[in-house]
Amino acid sequence: MKKIVALFLLASSFSLGQNAAADLQMKVKKTPAASVYICDSKGSVAYHNSKTCRGLQACKHEIKTVTEAEATQLGRRRCKVCY
Ligand SMILES: [Zn+2]
């Protein structure tokens, strides 16, 4: 009888562990609203991971901090230099 209880405990703790792992994977997959930098110019097409990216150094306009989703909505793509 004791063996069965031990097995049951083992099985339940194992499934709990799996749930925790799945939970962690979800968190990793779901990228939080990361801030990116864009040059507020009509000519610029990219958004930047770093504010000090050399792609941004050429920006003569205002540098805006937006979320990656917002940048994508603005039609920007990832900068090849800092991504
Ligand atoms: Zn860049």
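In which sense do strand β1 and strand β2 pair, and over how many bridges? Let me start there, and please keep in mind throughout that what we have in front of us is a predicted model. Strand β1, which covers residues 35-39, and strand β2, which covers residues 46-48, pair in the antiparallel sense, and they do so over 2 bridges. If you would like a place to look in that pairing, find Tyr37, which stands opposite His48 in β2.

Now let us step back to the sheet around these strands. β1 and β2 belong to an open sheet of 4 strands, whose order is β3-β1-β2-β4 and whose pairing is mixed. Its edge strands are β3 and β4, the latter at residues 77-78, and each of these pairs on one side only.

As for the protein as a whole, there are 3 helices along with 4 strands, and if you read along the sequence you meet them in the pattern α-β-β-α-β-α-β. Of its 83 residues, 12% count as buried. When we take the contacts between residues at least 6 apart in sequence, 64% of them join residues that are at least 24 apart.

Let me finish with a single residue, Ala58, which is found in the loop that runs between α2, residues 54-57, and β3, residues 63-67. Is Ala58 buried or exposed? Ala58 is exposed, because 11 other C-beta atoms lie within 10 Å, and a residue counts as exposed when that number is 12 or fewer. Measuring from C-alpha to C-alpha in the model, Ala58 and Ser44 are 10.0 Å apart in space, while 14 residues separate their positions in sequence.

Definitions and conventions
Residues are numbered from 1 along each chain as its sequence is written. This is a predicted model: local features need pLDDT of at least 70, side-chain atom pairs count only at pLDDT 80 or more; totals for chains, interfaces and linings use all residues. A residue is buried if 20 or more other C-beta atoms lie within 10 Å of its own, exposed if 12 or fewer, and partly exposed in between; C-beta atoms are placed from the backbone. Two residues are in contact if their C-beta atoms, placed from the backbone, lie within 7 Å. Two strands pair if DSSP finds at least two bridges between them.
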